[in-house]
Amino acid sequence: MKKILITGGAGFIGSNLVRALLSSRPDVQVCNVDCLTYAGNLENLAGVDEERHIFVKADIADAPAMEKVFGAHAPLAAVINVAADSHVDRSIASAAPFIHTNILGTQVLLDLVRKHEVPTFLQVSTDEVYGSLEPPVEAVEDTPLQPGNPYAASKAAADLLALAAVNTFGLDVRITRCCNNYGPYQFPEKLIPLLIGNARDGKTLPIYGDGKYIREWIHVEDHCAGILAVLESGRPGQIYNLGSNEPLTNLEVAAVILEAFARPSSLIHHVQDRPGHDRRYAIDSSKARDGLGWKPQWQLDAGLAATIAWYKEQQSWLDNVRSGAYREYYQTWYEQRDRSLGAL
Ligand SMILES: NC(=O)c1ccc[n+]([C@@H]2O[C@H](COP(=O)([O-])OP(=O)(O)OC[C@H]3O[C@@H](n4cnc5c(N)ncnc54)[C@H](O)[C@@H]3O)[C@@H](O)[C@H]2O)c1
């Protein structure tokens, strides 16, 4: 059995990646390290194959704790760093946790990958590192980095540290830069689950500024498939953009969700804009498409419809997160599994 360490595996993308790996790679065991911030939710992992999933509660920036994890789970076939503080608004309110996890945490992992001779390190990054681009420009992998907010700047810093480890120490590091994700288990501070929850409850849908901010949207399953394609078929030291080529403005996203819940457009409520809000992200992902044979399987309209249906069916998941009750789930999980949880 190959052991792969995934960080941030109780979050939105991390939990989907854990599920994707366990269901599609029977020879893989996952060591999932997450410190369970407000965005980490063990309920996202309910039902995964517990024989092949080891959960460790630890902070990736805590070098002694992570040293123990690397030692206890050696040899690791790969490390995939998904953990991050990930919400732009929170980074504007306070950048400190972003510096801690996204920058320091990445360096701690790089140091341990080198020390323990882990063959491959995959850094999950974002298209936000390229900053806002005027149409029709699309970022390619060597487009200059121009992060426009503290979150994006912390992710760009992590990318540069990862690339420096390639140059300085010859590590096999790979970076994925994906566009905006949607899908199951996304924390409802992010646009799509936030709007779904509010539309469901007949509340107003808050939209920043004029709502004409453009993002490329990709289903989280396609992002996870891209991460695995880069891990298994990518080249060391390379960056891969993972995009959908399916842009929508925030107002267009809101319109789809309102229609799905048969709610009137009068529920749209324009609120004061986010400072320094990047107008448009756009990436060219032909390097991954042509070089790895990866391409998204979900069309945006079908993916959004499936996602809305998922949140409609999983009302208790959404309600638990919105009420904070998911933290009680952690207590139960902890009590039942204190042999593996926190054992390191
Ligand atoms: N969501 C998107 O649209 C998107 C798009 C492109 C790239 N990304 C990148 O994907 C990654 C995951 O994003 P997400 O949306 O799933 O985020 P998320 O906020 O849903 O999950 C992050 C997870 O990391 C954990 N975590 C945070 N700090 C930690 C620390 N110090 N130690 C251990 N665990 C810690 C949290 O508990 C949580 O489980 C991030 O690196 C993000 O930059 C996200």
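**View 1. Strand β4 sits between two parallel partners.** Four bridges join β4 to β5, and the two strands run parallel. Strands here (E, at least two residues) and helices (H or I, at least four residues) are DSSP runs, numbered from the N terminus. Two strands count as paired if DSSP finds at least two bridges between them. Look for V79, whose bridge partner in β5 is F121. Strand β1 (residues 2-7) also pairs with β4 in the parallel sense, over four bridges. There, T7 has N81 of β4 as its bridge partner.

Before you move on, a word about what you are looking at: this is a predicted model, in which local features need pLDDT of at least 70 and side-chain atom pairs count only at pLDDT 80 or more, while totals for chains, interfaces and linings use all residues. Residues are numbered from 1 along each chain as its sequence is written.

**View 2. Are the residues on the two faces of β4 buried or exposed?** In a regular strand the side chains alternate between the two faces of the sheet. In strand β4 (residues 78-81), A78 and I80 lie on one side and V79 and N81 on the other, and all of them are buried. A residue is called buried if 20 or more other C-beta atoms lie within 10 Å of its own, exposed if 12 or fewer do, and partly exposed in between; the C-beta atoms are placed from the backbone.

**View 3. Seven strands form an open, parallel sheet.** Follow the strands in the order β3-β2-β1-β4-β5-β6-β10, with parallel pairing. At the edges stand β3 (53-57) and β10 (239-242), each with a single partner strand, so one side of each is left without a neighbour in the sheet. The twist from one strand to the next averages 20 degrees. Such angles run from 0 to 180 degrees between N-to-C directions, and the axes are lines fitted to C-alpha atoms, for helices over the stretch in contact.

**View 4. Three strands make an open sheet with mixed pairing.** Its order is β7-β9-β11. The edge strands, β7 and β11 (247-249), each pair on one side only. Neighbouring strands of this sheet are turned by 50 degrees against each other on average, direction ignored. Between β7 and strand β9 (residues 214-219) the pairing is parallel, over three bridges. To find this pair, start at N180, whose bridge partner in β9 is W217.

**View 5. Helices α4 and α5 pack together.** Two packed helices are described by the angle between their axes and the distance between the axes. For α4 and helix α5 (residues 150-169), the angle is about 15 degrees and the axes are 8 Å apart. That makes α4 roughly parallel to α5, a label for angles under 35 degrees (over 145 is roughly antiparallel, 65 to 115 roughly perpendicular, and the rest oblique). The crossing of α4 past α5 is right-handed: the near helix is turned clockwise from the far one by less than a right angle, whereas anticlockwise would be left-handed.

**View 6. Which residues surround the ligand most closely?** The closest are G8, G11, A39, G40 and A84, in a shell of 31 residues. A residue is near the ligand if its C-beta atom, placed from the backbone, lies within 6 Å of it. The shell has 15 nonpolar, twelve polar and four charged residues. Here Ala, Val, Leu, Ile, Met, Phe, Trp, Tyr, Cys and Pro count as nonpolar, Asp, Glu, Lys and Arg as charged, and the others, Gly among them, as polar. At least two shell residues each come from α1 (12-24), β2 (28-34), α4 (96-115), β5 (120-126) and β7 (180-182). The largest share, three residues, comes from α1.

**View 7. Some loops hold unusual backbone geometry.** Most residues other than glycine have a negative phi, and most peptide bonds are trans. A cis peptide bond joins A74 and P75, with omega about -5 degrees; P75 lies in the loop between α2 (63-72) and β4. Another cis peptide bond joins P135 and P136, with omega about 5 degrees, and P136 is in the loop between β5 and α5. E117, in the loop between α4 and β5, is not a glycine but has a positive phi of about 55 degrees. With 10 C-beta neighbours inside 10 Å, E117 counts as exposed. Y185, in the loop between β7 and α6, has a positive phi of about 70 degrees, although Y185 is not a glycine either. Y185 is buried, with 23 other C-beta atoms within 10 Å.
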